[in-house]
Amino acid sequence: MGDDARDDGHDGVGAALLAVRGITRRFGDRTVLAGVDLDVAAGEAVGVVGPNGSGKSTLLRCIVGADEADAGTSVLAGRTVDEREPAIRRDLAVVMDDTDFFPDLSVVEHLDLVARAHAQHDAEEVVNGVLDEVGLTEVSGQLPSTLSSGQRRRLALASAFVRPRRLLVLDEPEARLDVDGVEWLGARLLSEKAAGSAVLLVSHDPALVERVCDRVVRLGPPTDD
Ligand SMILES: Nc1ncnc2c1ncn2[C@@H]1O[C@H](COP(=O)(O)OP(=O)(O)OP(=O)(O)O)[C@@H](O)[C@H]1O
């Protein structure tokens with residue numbers, strides 16, 4: 001066996017669950033991402049930080065297959081990421097800013113549907129537990145459109161936590177959360193790692209990144225060609 005087979009690019013902790021290589025994304029003359037590499041192992045959290053417009057959301061979108069990179073690869077558990085691929089959908093839970101909810105389903109119905117669609121064991125128990133954890137039990141019968149913006153963010157996070165996952169990808173999950181919410185989020189992400197999940201976190205909250213992330217990828221401002 002050659003060295004390449006053991007080269008996990010990651011301090012020898014173990015093979016990376018997520019391996020991202022050479023992601024490049026241009027919009028017109030502007031190169032937003034120029035060959036970004038990163039690895040995330042099971043049980044590890046990696047932060048992506050940088051100023052507004054530096055390409056953090058674009059990077060996450062390319063990694064999860066919601067945007068097409070001009071070059072580069074994103075491989076999750078040995079499979080090239082394609083969000084339509086069932087094996088990828090099973091492993092990957094994503095919380096982006098633009099999370100959509102079913103407009104006619106209540107909070108609890110939405111979470112129940114997500115849990116069952118992903119074949120979560122003990123779906124009802126898991127949903128009730130997560131509802132309680134994110135503080136949405138009292139509004140569980142309401143439609144998403146009737147929630148506050150922070151409550152909607154909690155629902156988006158809850159949607160990721162009611163389903164099985166190996167990699168959690170989060171874009172500014174702390175946005176619109178109150179102080180207690182950010183405290184809860186930090187603890188939750190630490191327990192995700194302890195349970196063996198991998199976390200890829202874009203955040204503007206240095207304290208959250210410091211608390212949760214084992215390593216940080218720093219993006220710079222975009223450049224014109
Ligand atoms: N669809 C698009 N068409 C053209 N330009 C785009 C598109 N999407 C993103 N961009 C540009 O790419 C750059 C990076 O945007 P992106 O949203 O990835 O930044 P970010 O680091 O996530 O910013 P923020 O911290 O403000 O969330 C910006 O200059 C943005 O204008």
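**A walk outward from strand β8**

I would like to begin inside the protein, with strand β8, where A198, L200 and V202 point one way while V199 and L201 point the other way, and where all of these residues are buried. Please keep in mind throughout that what we have on the screen is a predicted model. Since 5 of the 5 residues of β8 are buried, the strand is largely enclosed by the rest of the structure.

What, then, does β8 pair with? On one hand there is β7, which runs parallel to β8 and is joined to it by 5 bridges, and here you can look for D171, whose bridge partner in β8 is V202. On the other hand there is β3, which pairs with β8 in the parallel sense over 4 bridges, and in that pairing the bridge partner of G47 is L201 in β8.

If we now follow β3, which covers residues 45-49, we find that it also pairs with β9, again in the parallel sense and over 4 bridges, with V46 standing opposite R215 in β9.

Putting these pairings together, we arrive at an open sheet of 5 strands with parallel pairing, in the order β6-β7-β8-β3-β9. Which strands stand at the edges of the sheet? They are β6, residues 92-95, and β9, residues 215-218, and because each has a single partner strand, one side of each is left without a neighbour in the sheet. From one strand to the next, the twist averages 15°.

Let me turn to helix α2, which lies across β3, β6, β7 and β8 and runs at about 150° to β7. The same helix, residues 56-64, matters for our next topic, the ligand, as it contributes 3 residues to the surrounding shell, which is the largest share. There are 11 residues around the ligand, and those that come nearest are F27, N52, K56, S57 and T58. Sorted by class, the shell has 3 nonpolar residues, 7 polar ones and 1 charged one.

Finally, let us step back to the whole protein, which has 8 helices and 10 strands, and in which 38% of the 225 residues count as buried. Its C-alpha atoms fill a box of roughly 50 × 45 × 35 Å, taken along the principal axes. A compact globule with 225 residues would have a radius of gyration near 17 Å, and the protein, with 18 Å, agrees with that. Among the contacts with a separation of 6 or more, 66% are made by residues 24 or more positions apart.

Key: Residues numbered from 1 in each chain as written. Predicted model: local features only at pLDDT ≥ 70, side-chain atom pairs only at ≥ 80, totals over all residues. Near = placed C-beta within 6 Å. Helix = DSSP H or I, 4+ residues; strand = E, 2+ residues; numbered from the N terminus. Nonpolar A, V, L, I, M, F, W, Y, C, P; charged D, E, K, R; others polar. Rg over C-alpha atoms; globule rule 2.2 N^0.38 Å. Buried ≥ 20, exposed ≤ 12 C-beta atoms within 10 Å, placed from the backbone. Contact = placed C-beta atoms within 7 Å. Pairing = 2+ DSSP bridges. Axes fitted to C-alpha atoms, helices over the stretch in contact; angles between N-to-C directions.
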